[in-house]
Amino acid sequence: MRVRCGACRTQFEVAGPGRFACPVCGSVNVVRGGAEQPQEMGGYPTAPGVGGVGGPPPPPPPPPPLPRIECPECGFSFVVGPIALATCPNCTAQVPTGYEEESE
């Protein structure tokens, strides 16, 4: 098992859990027999649970993009929400979006 000295950051091999002196600086390092080995990202140790099994769940997928329509009067393309009739922000023409109006 490979460990890193807490004082000088030198990596060295050990047989398993126990107390080991660093071969470079002589500092005593305690190695615990945990089930999960610390992982590294970009050469630095990660926080517990990050980047390994049991880490945070992946973010949810982004919502689908809103539909884009083109004004038949001026050709301006813009995004609309779920409305039946939109006003063109460029020429103020009333543009049907294809959505049906909901009756309440």
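**Exercise 1. Describe the secondary structure of the protein chain in this predicted model, and state what share of its residues is buried.**

Solution. Begin by counting the elements: the protein chain of this predicted model contains ten strands and zero helices. Next, read the elements in order from the N terminus, which gives the run β-β-β-β-β-β-β-β-β-β. Then turn to burial, where 18% of the 104 residues count as buried. The surface completes the description, for the chain exposes about 8100 Å², of which carbon and sulfur atoms supply 56%. Finally, consider the contacts with a separation of 6 or more, of which 11% are accounted for by residues 24 or more positions apart.

**Exercise 2. Work out how strands E3 and E4 are arranged, and which residues of E4 lie on its covered face.**

Solution. First locate the strands, E3 at residues 18-21 and E4 at residues 28-31. The two run antiparallel and are joined by four bridges, and within this pairing Ala21 stands opposite Val28. The next step is the connection: E3 and E4 form a hairpin with six residues between them, and Gly26 in the turn has a positive phi of about 85 degrees. For the faces, recall that in a regular strand the side chains alternate between the two faces of the sheet. In E4 the covered face holds Asn29 and Val31, whereas Val28 and Val30 belong to the uncovered one.

**Exercise 3. Find the salt bridge of the structure, and decide for each partner whether the residue is exposed or partly exposed.**

Solution. Start from the general idea that side chains of opposite charge can pair when their charged atoms come close. The structure holds one salt bridge, and its partners are Arg2 and Glu13, whose closest N and O atoms are 3.3 Å apart. The pair links distant parts of the chain, since Arg2 lies in strand E1 (residues 2-4) and Glu13 in strand E2 (residues 11-13), eleven residues apart. To decide on exposure, use the cut-off that a residue is exposed over 50% relative accessible area. Glu13, at 53%, therefore counts as exposed, while Arg2, at 49%, is partly exposed.

**Exercise 4. Identify the aromatic pair, and explain why its geometry counts as stacked.**

Solution. A pair of aromatic rings is described by the distance of the centres and the angle of the planes. The structure holds one such pair, formed by Phe76 and Phe78, with 6.2 Å from centre to centre and 20 degrees between the planes. Because planes under 30 degrees apart count as stacked, this pair is stacked. The two residues can then be examined for burial: Phe76 is partly exposed at a relative accessible area of 34%, and Phe78 counts as buried at 7%.

**Exercise 5. List the residues of the largest nonpolar core, and follow the contacts of Ile69 and Thr97.**

Solution. In soluble globular proteins, nonpolar side chains tend to be buried together. Here the largest nonpolar core has eight residues, namely Ile69, Cys71, Phe78, Val80, Ala86, Cys88, Ala93 and Val95. Apart from it lies another core, of six residues, among them Val3, Cys5, Val14 and Cys22. Now follow Ile69, which, leaving aside its neighbours within four places in sequence, is in contact with Phe76, Ser77, Phe78, Val80, Val95, Pro96 and Thr97. Thr97 is found in the segment after strand E10 (94-96) and is buried, with a relative accessible area of 15%. Once its neighbours within four places in sequence are set aside, the contacts of Thr97 are Ile69, Val80, Ile83, Ala84, Leu85 and Ala86.

**Exercise 6. Examine the loop between E1 and E2 through Cys8 and Arg9, and then turn to Thr92.**

Solution. Take Cys8, found in the loop between E1 and E2, where this residue is partly exposed with a relative accessible area of 30%. Leaving aside neighbours within four places in sequence, Cys8 is in contact with Cys22, Val24 and Cys25. The C-alpha atoms of Cys8 and Cys25 are separated by 6.9 Å, although the two are 17 residues apart along the chain. Arg9 also has its place in the loop between E1 and E2; it has a positive phi of about 70 degrees although it is not a glycine, and it is partly exposed at 43% relative accessible area. Thr92 lies in the loop between strand E9 (85-87) and E10, and this residue, not a glycine, has a positive phi of about 65 degrees. With a relative accessible area of 57%, Thr92 is exposed.

Notes. Residues numbered from 1 in each chain as written. Predicted model: local features only at pLDDT ≥ 70, side-chain atom pairs only at ≥ 80, totals over all residues. Heavy atoms only, no water. Buried < 20%, exposed > 50% of the residue type's maximum accessible area, 1.4 Å probe, protein only. Pairing = 2+ DSSP bridges. Salt bridge = Lys/Arg side-chain N within 4 Å of Asp/Glu carboxyl O. Phe/Tyr/Trp six-rings, centres within 6.5 Å; stacked < 30°, edge-to-face > 60°. Core = buried A, V, L, I, M, F, W, Y, C linked by side-chain atoms within 4.5 Å. Contact = heavy atoms within 4.5 Å. Areas by Shrake-Rupley, 256 points an atom, 1.4 Å probe, with all protein chains shown as cover.
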